[in-house]
Amino acid sequence: MSAIPTLIRSLCAASAMLLTAHTAVLAHASLEQTKASANGSYKAVIKIGHGCEQTATTRLTVSIPDGVIAVKPMPKAGWTLATQTKAYAKPYDYYHSTLTEGVREITWAGGNLPDAHYDEFTFQAFIAKDVPADTRLYFPVVQSCEKGRHDWVEIPAANQNPHDLKSPAPSLLVVAAQGSASQTVAAGGLVVTATRSRVTPAGAPVAGGYLTITNGGQRPDRLVSASVEIADHTEIHEMATKDGVMTMRTLPDGLVIKPGETVEFKPGSFHLMFLKPKRPLVEGEVLKGQLVFEKAGPVSVDFKVEGMGGNRAAPPAGAGGGHAGHVH
Ligand SMILES: [Cu+2]
């Protein structure tokens with residue numbers, strides 16, 4: 001055998017490997033849209049690019065993960081449609097109602113999708129409001145053919161590269177809803193949202209930090225302290241009206257958030273006080289910060305700096321003025 005065919009063969013082997021790696025991704029059962037926002041509807045389109053052992057696909061079953069609710073499959077001409085309704089892991093808010101059960105499995109059967117052809121299987125769904133951003137939702141698919149089947153059901157372990165899986169389940173990444181503030185989930189079911197601050201004039205002695213903390217867990221936790229990169233130090237404050245006078249006080253022990261409770265840190269109420277900011281805060285910038293909880297421990301958060309118009313409940317002019325006579 002001459003050297004040239006060998007060279008060609010090894011080149012081909014190399015490109016075939018690349019091709020395999022590439023087409024393998026295309027050939028998997030996959031979702032057309034791989035990102036969706038929580039608290040929004042989602043049209044799931046499962047793409048089937050080939051059969052099994054070169055034979056036609058005759059049946060497809062998809063399982064619906066927790067957090068994906070109000071599922072309605074789309075019928076397909078030539079296929080019979082069946083669904084299984086089961087209880088959800090927990091009740092979910094859905095518009096003005098609460099859903100406790102719904103379609104958890106869909107089967108399209110009796111059709112014939114030749115190996116050489118491509119088709120799509122569609123259902124409408126809603127991603128529940130409380131599915132945290134960065135959650136990956138898996139939709140295991142079992143594809144049955146005239147001969148053989150593919151179980152697209154593998155879910156990567158915590159430290160596993162999803163590309164190492166031979167038959168990965170189609171998946172979807174839940175992203176933060178557009179235009180909404182970031183959401184941070186901490187241990188014990190704490191959810192921190194809407195972390196923000198406000199622009200300050202040059203030389204301002206303080207800046208406010210605002211956020212919402214929901215304790216979705218079973219145990220109380222306590223916000224012990226907070227810090228932000230631009231401030232000398234940060235205190236937890238409460239503003240309240242006493243005898244018709246607005247007063248502010250430091251909460252040296254922090255603030256307990258009971259199970260099921262949502263605490264809003266906002267102007268005129270609880271807030272974080274960033275003391276001696278190193279520079280004026282500019283609208284649109286993001287301040288790196290940290291919250292420390294007694295049980296959940298330290299949690300990194302980003303405070304987005306908003307314009308003064310952003311908070312209607314703002315205290316009267318000179319947010320700093322409210323603090324001028326305020327002894328910490
Ligand atoms: Cu204050």
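Let me start with D134, which sits in the loop between β8 and β9, the latter being residues 136-138. In this predicted model, the phi of D134 is near 75 degrees, a positive value in a residue other than glycine. That is worth a remark, because most residues other than glycine have a negative phi. As for its surroundings, D134 counts as exposed, because it has 12 C-beta neighbours inside 10 Å, and a residue with 12 or fewer is put in that class.

There is a comparable case in another loop, the one between β3 and β4, where we find E53. E53 is not a glycine, and yet its phi is positive, at about 45 degrees. E53 also has 12 C-beta neighbours inside 10 Å, and therefore counts as exposed. A further positive phi, of about 50 degrees, belongs to Y95, which lies in the turn of the hairpin that β6 and β7 form with two residues between them.

That hairpin brings me to the sheets, and I should give the overall setting before going into them. The protein chain has two helices and 23 strands, and of its 328 residues 29% count as buried. If we take the contacts in the chain with a separation of 6 or more, residues 24 or more positions apart account for 70% of them.

Now to the sheet that contains the hairpin. This is an open sheet of five strands in the order β6-β7-β4-β10-β11, with antiparallel pairing. Its edge strands are β6 and β11, the latter covering residues 149-152, and each of the two pairs on one side only. On average, neighbouring strands of this sheet are turned by 15 degrees against each other, with direction ignored.

Within this sheet, β6, residues 80-94, and β7 pair in the antiparallel sense over 11 bridges, and one example is Y92, whose bridge partner in β7 is L99. On the other pairing that I want to show, β4, residues 57-63, runs antiparallel to β7, residues 97-113, over six bridges. Here L60 has W108 in β7 as its bridge partner, and V62 stands opposite I106 in β7.

Let me stay with I106 for a moment, and ask whether this residue is buried or exposed. I106 is buried, because 25 other C-beta atoms lie within 10 Å, where 20 or more are required. Leaving aside its neighbours within four places in sequence, I106 is in contact with T61, V62, P73, T83 and F123. From C-alpha to C-alpha, I106 and V71 are 9.3 Å apart in space, although 35 residues separate them in sequence.

The next sheet is an open one of four strands, in the order β1-β3-β8-β5, again with antiparallel pairing. At its edges are β1, residues 30-31, and β5, residues 68-73, each of which pairs on one side only. β1 and β3, the latter being residues 40-48, pair in the antiparallel sense over two bridges, and the bridge partner of L31 in β3 is I46.

I46 also leads us into the interior. The largest nonpolar core has 32 residues, and those with the most contacts inside it are I46, A125, I127 and V141. At least two residues of this core come from each of β3, β4, β5, β7, β8 and β12, where β8 is 119-127 and β12 is 171-175. The largest share, five residues, is supplied by β8. If we set aside the neighbours within four places in sequence, I46 is in contact with A29, L31, V62, E120, F121, V141 and P170. A second, separate core has 28 residues, among them A186, V206, I236 and F303.

I will finish with a residue in strand β16, residues 221-228, namely S227. With 17 C-beta neighbours inside 10 Å, S227 counts as partly exposed, because that number falls between the limits of 12 and 20 that bound this class. Which residues does S227 touch, once its neighbours within four places in sequence are left aside? They are T234, G289 and Q290. Of these, G289 is 62 residues away from S227 in sequence, while the two are 5.5 Å apart in space, C-alpha to C-alpha.

Definitions and conventions: Residues are numbered from 1 along each chain as its sequence is written. This is a predicted model: local features need pLDDT of at least 70, side-chain atom pairs count only at pLDDT 80 or more; totals for chains, interfaces and linings use all residues. Two strands pair if DSSP finds at least two bridges between them. Two residues are in contact if their C-beta atoms, placed from the backbone, lie within 7 Å. A nonpolar core is a set of buried Ala, Val, Leu, Ile, Met, Phe, Trp, Tyr and Cys residues joined through C-beta atoms within 7 Å. Axes are lines fitted to C-alpha atoms, for helices over the stretch in contact, and angles run from 0 to 180 degrees between N-to-C directions.
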